[in-house]
Amino acid sequence: MYTPVAEKPQETAIQEYALSQDMPVKVRKQRHLLLPAMLTILAFILIVSGSVWKGELAAPALTKASSTVNTLPAPQPPTGPEVPNALNMGMAGAPTSLTALHGPTTAAHVKQFTLTAQAAQIQLGSGVSIPAWTFNGSAPGPTLRVQQGDLVVVTVVNHLSFGVTIHWHGINVPNMEDGVAGVTQDAIKPGRSYVYHFIASDPGTYWYHSHQFSYDETTGGLYGTIIVDPATPTTHDDVDYNVALHDWNATNNQTLFAIDSTTGTLNKAARPGQWVRLRIVNSASSQHLVTLLGAPFQVAALDGHDVNGPQMLSETPLPIGAAQRYDLRFQMPTHGPVTLVTSADNQHYQATPAVVIGQGNVPATLPAVSQQWFDLTTYGLPKADPINLQSHFAASYDIKLGMEMGDSLGRQGMVYTFNGKVFPNTGMIMVQEGQIIRLHLDNTTDLVHPIHLHGHTFTVLTHNGKPLTGSPIHLDTINIQPHNSYDIAFLANNPGIWMLHCHNLLHANWGMDMMIMYNISTPYTVGTASGNFPD
Ligand code: C2O
Ligand code: CU
């Protein structure tokens, strides 16, 4: 049913993979048609009767309109003949089931959290309030802070009317803790709870988000940051802040860009001379270009992994791909604040949203965006790395990222492809424990694709064919600009069934996903029977 990449897919056996993105849009469109129709009828009545009915007739129409503004429609399971009933993503008959691949339940140091998925209104600043799904009433949800080596135990309670999961993005958890609905678990049903257990082995900045209807649910607010403090710190930071960049879908079909939950200015305290670590998580589905004004800064870590010998940068634009994290470090100047500013057009920085650290305001005049964007392939200092161009690669795969008009789940529209195919026809990459696997990712489109690998950290080998000249770079998400390519490689050291997908979650929703597969079976299925739809 689900075929290895090298083999030709058997067309008859493949079921289309089901997703639901277009439902709310259709509903909205119908409402847009309804309102003009009602206004026409209203005008007709007014003309004919010349009466005072206007108020009485207009009132119900307004009530109807405002009720749509305050409701975030639940993700809709797709329907139709192309929707799979029960698609099993595992290797049938494999000696190991992923249900054996779970985290420990006891350890010397345990950190426990409860995250309750619940609806809430989010105040985005400047008087804007939008409906959201949240963990514990806020979006982003609570920042979880643990120590390297801790056993992390998270109980998720679902008070929403539809299924949720949590994926621990960037943390190499045992497969059963990965939170992919239909692959590593069933989505947590309304009124139910579920417990995740994993050891936080690697320090750094990570994040969590739902992986059931991941586009709808993550965009809708089911996400937060998790920070693993190192057992032995490599830097001294006097203050440590984290912020998340998010694109909210406003009810007028517009996108509202917010930092944490403000479209305005966030203020953070720091005194002159203090060293600040600012962790930036991009929980949005699009790239955001940011920089720091007021002090030179380092990119100390990418996706949670330290950069070797990070140089000081000055107003360098940082392209943060969807799902990526940047840890910035800087020393507070004697006078004035340090400001994190963003650009919407890649030409100019904007006054809001912004983060002001220290005393003061966003500068009245903002610099133009420099053409010299941060380049992770030349930054920092070289250092020996266990995975490098001379490594023995057990296998290499070419993956072309494309887009075309097509079919995903019986929906017609723009689909996003790996080697011209839409998930689940994209097939899978079979790996064995101990192998080093190389992937050549070639973006043939005019769009940015942030490609994320579950369960493993990879090393970046080349960019557009050129080896890296700076620090070794270890990531879980590689942000690939239009018509660029990267070679990446990872050690297969975490048995399971793992997704490789675009973290523009709309692209994942419309086809750009595949599986990295050990010889492992799963009892879970994607489709109508279970209601599991991971993207
Ligand atoms: Cu952050 Cu498969 O996702
Ligand atoms: Cu993409």
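These questions and answers walk through a copper site, a buried residue and a sheet in a predicted model.

In this model local features need pLDDT of at least 70 and side-chain atom pairs count only at pLDDT 80 or more, while totals for chains, interfaces and linings use all residues. Residues are numbered from 1 along each chain as its sequence is written, chains are lettered from A and ligands numbered from 1 in the order in which they are written, and side-chain values use heavy atoms, with hydrogens and water left out.

Visitor: Which atoms are the protein donors of the copper ion (ligand 2)?
Guide: Donors are N, O and S atoms within 2.8 Å of the metal (3.2 Å for Na, K and Ca), and since water is not among the atoms, sites may look incomplete. Lying 2.0 to 2.1 Å from the copper ion (ligand 2), the protein donors are H449 (ND1), C502 (SG) and H507 (ND1).

Visitor: Is H449 buried or exposed?
Guide: Buried means under 20% relative accessible area, exposed over 50%, and partly exposed in between, using a 1.4 Å probe and protein chains only. The relative accessible area of H449 is 0%, so H449 is buried.

Visitor: Which strands stand at the edges of the open sheet of 4 strands?
Guide: Strands are DSSP runs of E with at least two residues, numbered from the N terminus, and two of them pair if DSSP finds at least two bridges between them. The order is β3-β2-β5-β7, with mixed pairing. Each edge strand has a single partner strand, so one side of each is left without a neighbour in the sheet, and these strands are β3 (129-135) and β7 (193-199).

Visitor: How many bridges join strand β2 to strand β5?
Guide: Strand β2 covers residues 110-123 and strand β5 residues 151-158, and the two run parallel. One of the pairings links K111 to V152 in β5. The number of bridges joining β2 to β5 is 8.
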